[in-house]
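Hi,

Here is the structure I promised to pass on. Have a look at it first, and then read my notes underneath.

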Amino acid sequence: PRYDVRPVASYLGSLEREGRPLAHAGKYRGEYHFAGRLTGALEVIEPGDVERWFARHPDGYAVIYSQRPSPDERDEFRQDYRGGVIAVRRKAR
């Protein structure tokens, strides 16, 4: 289960179908496209540029990898992944 990207990919697919802008913080190797039936590109950004990206895309969501076990209040989706966590985060309200 710690290597299964289907849950997060499915969540990203639903966001894409809603027309939400999507970003990926850090290197993206296409791991969500097939499983999530994504048709558009995720905007690849540097992990340190997430807040600037949210300033340009206030209704967008960003995929964040973290080693922290505690959730961020902005995380709309979280799942354990390998040795850490994948979070799909939105801009702070």
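Let me start with Gln67: this is a predicted model, and in it Gln67 has a relative accessibility of 64%, so the residue counts as exposed, the cut-off being over 50%. You'll find Gln67 in the loop between β3 (61-66) and β4 (75-81). Once residues up to four places away in sequence are set aside, Gln67 touches Gly83 and Gly84. With Gly83 the separation is 16 residues in sequence, while the C-alpha atoms sit 7.1 Å apart.

Now the sheet. It is an open one with 5 strands, running β2-β1-β3-β5-β4, and the pairing is mixed. At the edges are β2 (43-45) and β4, each of which pairs on one side only. From one strand to the next, the twist averages 20°. The β4 edge joins β5 through 6 bridges, in the antiparallel sense. If you want a pair to click on there, try Asp75, whose bridge partner in β5 is Arg89. Helix α1 packs on this sheet and touches β1 (22-25), β3, β4 and β5; the direction of α1 makes about 155° with that of β4.

Next, the interior. As a general point, nonpolar side chains tend to be buried together in soluble globular proteins. Here the largest nonpolar core has 16 residues, and Val8, Leu12, Leu15, Leu22, Tyr32, Ile86 and Val88 have the most contacts inside it. Two or more residues come from each of α1, β3, β4 and β5 (84-90), with α1 giving the largest share, 4 residues. Leu15 is a good place to look around: leaving out neighbours within four places in sequence, Leu15 is in contact with Arg20, Leu22, Tyr61 and Val88. There is also a second, separate core of 8 residues, including Ala23, Ile45, Trp53 and Ile64.

One last residue to check: what is the nearest side chain of opposite charge to Glu16? That would be Arg17, 5.9 Å away; Glu16 is buried yet has no salt bridge. Glu16 belongs to helix α1 (residues 6-17). Apart from neighbours within four places in sequence, the contacts of Glu16 are Leu22, Arg37, Leu38, Thr39 and Gly40. Leu22 therefore turns up twice in these notes, as a contact of Glu16 and among the residues with the most contacts inside the largest nonpolar core.

Have fun with it, and write back with any questions.

Cheers

Note on methods: Residues are numbered from 1 along each chain as its sequence is written. This is a predicted model: local features need pLDDT of at least 70, side-chain atom pairs count only at pLDDT 80 or more; totals for chains, interfaces and linings use all residues. Side-chain values use heavy atoms; hydrogens and water are left out. Buried means under 20% relative accessible area, exposed over 50%, partly exposed in between (1.4 Å probe, protein chains only). Lys and Arg count as positive and Asp and Glu as negative; His and the chain ends are not counted. A salt bridge is a side-chain nitrogen of Lys or Arg within 4 Å of a carboxyl oxygen of Asp or Glu. Contact means heavy atoms within 4.5 Å. A nonpolar core is a set of buried Ala, Val, Leu, Ile, Met, Phe, Trp, Tyr and Cys residues joined through side-chain atoms within 4.5 Å. Two strands pair if DSSP finds at least two bridges between them. Axes are lines fitted to C-alpha atoms, for helices over the stretch in contact, and angles run from 0 to 180 degrees between N-to-C directions.
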